[in-house]
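Reader: I should like to learn how the features of a structural model are read. Please take them in turn, giving the general idea and then the case.

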Amino acid sequence: MRSPLDAPEGDWWSEEVNRRETIWLGITGGWAAVLFGWMAGWTQIGDQNPTGPTERISPERYQEKVTAYKEEAEDAEDGLIPPGEDVFIGAMRYNWDGLPAVLEAGKTYKFHIGSYDVQHGFSIRKGDTLSKQMSLQVLPEYEWVVEMEFDEPGTYHVVCNEFCGVGHRTMHGAFTVRE
Amino acid sequence: MLGLFDNDYDADGFRTCSVTGLNIHRSAENMVKLYGLTSVVALLVGGIFAFFVAMTRWEAIGLVSPNDFYKFTSIHAWNLLIFWMIFMEIAILYVGGPFVLGRKLALENVAKVAYGVMVAGALLVNYAIWTTEQPNQAPLLTSYVPLPSSADFYLGVVVFLVGALVAALPFLATIWKEKREKPDATLPLIAFGAFICSIVAAEAIVGGLITFVPTYFWRIGVIEHLDPAWYRQMYWIVGHGTQQINLLAMITVWYFMTHVVGGAVVASEKVSRTAFILYLFFINMGAAHHLMSDPGVSSAWRVWNTSYAAYGAVIASMIHAFAIPAGLEVGRRARNEGGGTFGWLWSAPWKDPGFSSTILSIIMFGFLGGITGVMMGQMQLNMTWHNTLATPGHFHATVVLGTTLAFMGLLYYVIRLLFGKDWVAKPLATIQPYLYGGAMGLVCLMMMYLGVLYGVPRRHPSVMDIPGTAFDFSAAKPLFAIFGVSAILAIVGGGLFLALALGALFLGDDYEGEAAPTGAGPIVAADGGGGTGETPAETDSAGDDAEAAETAEDDDDGGLAAHAFSMRGTFLLTLVFFVTFVVMYALNWYLLSQLWTIGG
């Protein structure tokens, strides 16, 4: 029996390990395999994955793309109705360009997210069920295309949750999902 | 200085600690005191700012303006996450090296210079944050490019990091000298843990320099452009890497304190050291989990880095989660301190704040900090945690409940054994870890609930009133109230620690080290039951607890191998931990599966 302050002598590597400690080692190894397997498996069978193609793009060019999209979109009372499956959102201090928008339930949209200035956080929650929420990081110089499909109609609120300057707390947007 | 640096040393500058039996040289002891005291100053500054931050987020109080909130949060973060921790960790390296090996601190003057550089860097960072003016923004901990902070801030960070890197050299030189003299000897487990900690620290700090030197040049206009995705990836080498220094230092302190105060022994040298080696190779990749919801890295990169690598470290942490209580269980069983399944635990010195801080740190780090860290490190689950208040909930559980509590426990003994002063107001000292740990535990839980269940964002001075919209988070008010009251109690608990520490240093009686730590029975000199027990027991009596315990009664001098003692109490406790882990994992995935379809 040995103190952690003393240098172990002799062949300490070959000393027996307690049976319960050995079982615990097995549990930890098995659990790590489950953690990896589940995460990797969810990319194949799961419906929620923060994945999609990313492109390098200058903030100016991205802003032009969002502007072109806005001109093409139908301007309804509650916001922009996207002309096709693409939804463009430009994060800027302290506003979400392209929001508010009106989307159809059950339709798959390609959300293009990017920034005109600094880093932002694209954080969506359902207005009446706050626990339904998720966040994606928004970087200038990167256009990230992430597909989303909403089944439940309602208002979805977007707040910025990456510090972007003193007006950060005011950066809010929303979109409506209709039947 | 105020008598704090006087101890009686022999002609060679050594003295023997009456409690641990360590041979301590003046050169190492003075540096440990210097770095340790400085870390406590950072704890005081950061703690004061914690009050303002918490009382702003609890909007029923709403203490400071939105502008000031970011500045106050930045000062809180840098002083507690960086300066309190790293000054303390340098002290821990000097304990783990020179103290444990019974050597002088090599290159003592280098340690002094490094100290000066670190202090200069820390002061410059604080000054730069405090004087932030537009267009600069408060850096918070991350100072994400291209949001500009004061150029002095980046410079201060570089200076501090250089100082910290240099401060590790005397430790490494001490280890080098030891190995030159005794090339075949194995380092004691504590020294080994400290050594691995120093390597992880060096990796983190070099990563920090690679990040902050170019960022400084970018801020002063020498470099025109920095890629924000590059910055994030490089920044987190130091941003998370420093937290991994905390982890390794904390675990080394756990081994040290459970031994010194509770009489723990090493359950298995092979297993514990293998766990440290796993950290060495794998824990640096834990930083990848900050990029799980980022556009700049591919999903293959994300899954790979949070699986093969991070789980190497997760396994290591789970090994320590067994090995440390098992060492305590075996050590106490061997001295006949409590039979049955948990008698060794009931009989432990729970009134001793050094012991209770350590045990609370182990339990709360595991249940609240460790489990949640793994959740966030799953690529998909990360979407529900990323940048919500749950993220600070997680890292307050690791860094406050885990590291800060462990360091407080260590400091209780630094006061006794290095400064030679006994604690004052002992009933208050007994209460302090429970008050601080309990209240802080609630704070962390509330932050996690607010983040995951209500989606409340971090880094917001107000979410009950968002200008320009009717939308707000007022549904979360009741949880914020619990958060706010708990935060006040936690800050009272932290303040109590500082008052007790200063009270002991300046008003405490001399501590002779003769009395046993409160409630620890006959263990005074925690020599771990002798170091001569290399002969394994003849039979594998691990399953036969009664026999092992009986044998132990006859042989308290280490004649029996640690593995022969029952670890059934520890095994049951770790099973409870494992079941909690599985349940939390399943709940988080259930919550995620309720979301709309995301990703192709």
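Author: Let us begin with a single residue, bearing in mind that this is a predicted model. B:Thr56 lies in helix α1 of chain B, which spans residues 26-57.

Reader: Is B:Thr56 buried or exposed?

Author: The general idea is that a residue counts as buried when its relative accessible area is under 20%. B:Thr56 has a relative accessibility of 1%, and therefore counts as buried.

Reader: Which residues does B:Thr56 touch, not counting residues up to four places away in sequence?

Author: With those places left out, B:Thr56 touches B:Gly62, B:Leu63, B:Val64, B:Phe69 and B:Pro461. In addition, the side chain of B:Thr56 reaches the backbone oxygen of B:Phe52 at 2.6 Å.

Reader: How should one read a nonpolar surface patch, and which residues make the one of about 380 Å²?

Author: A patch is made of residues with over 30% relative accessible area. In this model, B:Phe51, B:Ile61, B:Leu63, B:Ile488 and B:Val492 make a nonpolar surface patch of about 380 Å². B:Leu63, one of these patch residues, is also among the residues that B:Thr56 touches. As for B:Val492, helix α15 of chain B (residues 477-507) contains this residue. B:Val492 has a relative accessible area of 47% and is therefore partly exposed.

Reader: Let us turn to the interface. How is the size of an interface given?

Author: Interface size is often expressed as the accessible area that is lost when the parts come together. Here chain B and chain A bury about 9300 Å² between them, and 65% of that area is on carbon and sulfur atoms. On the side of chain B, 122 residues are in contact with 79 residues of chain A.

Reader: How many salt bridges and polar contacts are counted between chain B and chain A?

Author: There are three salt bridges between chain B and chain A. Polar contacts join 44 residue pairs, with both residues at pLDDT 80 or more. Helix α9 of chain B (residues 299-334) gives the most to the side of chain B that touches chain A, with 13 residues. One salt bridge pairs B:Asp227 with A:Arg56, whose closest N and O atoms are 3.2 Å apart.

Reader: What does a buried residue at the interface look like in detail?

Author: A:Gln119 serves as a case; this residue lies in the loop between β7 (108-115) and β8 (120-126) of chain A. A:Gln119 is buried, with a relative accessible area of 1%. Among the residues it touches are A:Gln137, A:Pro140 and A:Phe163 in chain A, together with B:Tyr144, B:Val145 and B:Arg232 in chain B. The side chain of A:Gln119 makes a polar contact of 3.2 Å with the side chain of A:Gln137. A polar atom of the A:Gln119 side chain also lies 2.8 Å from the backbone oxygen of B:Val145.

Reader: How many salt bridges does the whole structure hold, and how does one read a pair within a helix?

Author: Over all chains, a search finds 25 salt bridges. For a pair within a helix, one asks how far apart the partners are in sequence. A:Glu64 and A:Arg61 form a salt bridge, with 3.3 Å between the closest N and O atoms. They are three residues apart in helix α2 of chain A (residues 59-72), so about one helical turn separates them. A:Glu64 is partly exposed at 47% relative accessible area, and A:Arg61 is partly exposed at 41% relative accessibility.

Reader: Which parts does the salt bridge of A:Lys70 and A:Asp97 tie together?

Author: The side chains of A:Lys70 and A:Asp97 meet at 2.6 Å, N to O. A:Lys70 lies in helix α2 and A:Asp97 in strand β5 (residues 95-97) of chain A, so the pair ties together parts 27 residues apart in sequence. A:Lys70 is partly exposed, with a relative accessible area of 33%, whereas A:Asp97 counts as buried at 11% relative accessibility.

Reader: Which residues do salt bridges with shared partners join into one network?

Author: That network consists of A:Arg2, A:Glu15, B:Glu269 and B:Arg273.

Reader: Finally, which side chain does that of B:Asn126 meet in a polar contact?

Author: B:Asn126 is found in helix α3 of chain B (residues 108-130), and its side chain is joined to that of B:Asn79 by a polar contact of 2.7 Å. At 18% relative accessibility, B:Asn126 counts as buried.

Notes: Residues are numbered from 1 along each chain as its sequence is written. Chains are lettered from A and ligands numbered from 1 in the order in which they are written. This is a predicted model: local features need pLDDT of at least 70, side-chain atom pairs count only at pLDDT 80 or more; totals for chains, interfaces and linings use all residues. Side-chain values use heavy atoms; hydrogens and water are left out. Patches are made of residues with over 30% relative accessible area and no salt bridge: like charges are joined within 9 Å, nonpolar side chains (Val, Leu, Ile, Met, Phe, Trp, Tyr) within 5 Å. Accessible areas come from the Shrake-Rupley method with a 1.4 Å probe; for residues, only the protein chains shown count as cover. A salt bridge is a side-chain nitrogen of Lys or Arg within 4 Å of a carboxyl oxygen of Asp or Glu. Helices (H or I, at least four residues) and strands (E, at least two) are DSSP runs, numbered from the N terminus. Buried means under 20% relative accessible area, exposed over 50%, partly exposed in between (1.4 Å probe, protein chains only). Contact means heavy atoms within 4.5 Å. Buried area is the accessible area (1.4 Å probe) that two parts lose on being put together, summed over both. A polar contact is a pair of N or O atoms within 3.5 Å; within protein, one must be able to donate a hydrogen and the other to accept it, and residues adjacent in sequence count only if both atoms are side-chain atoms.
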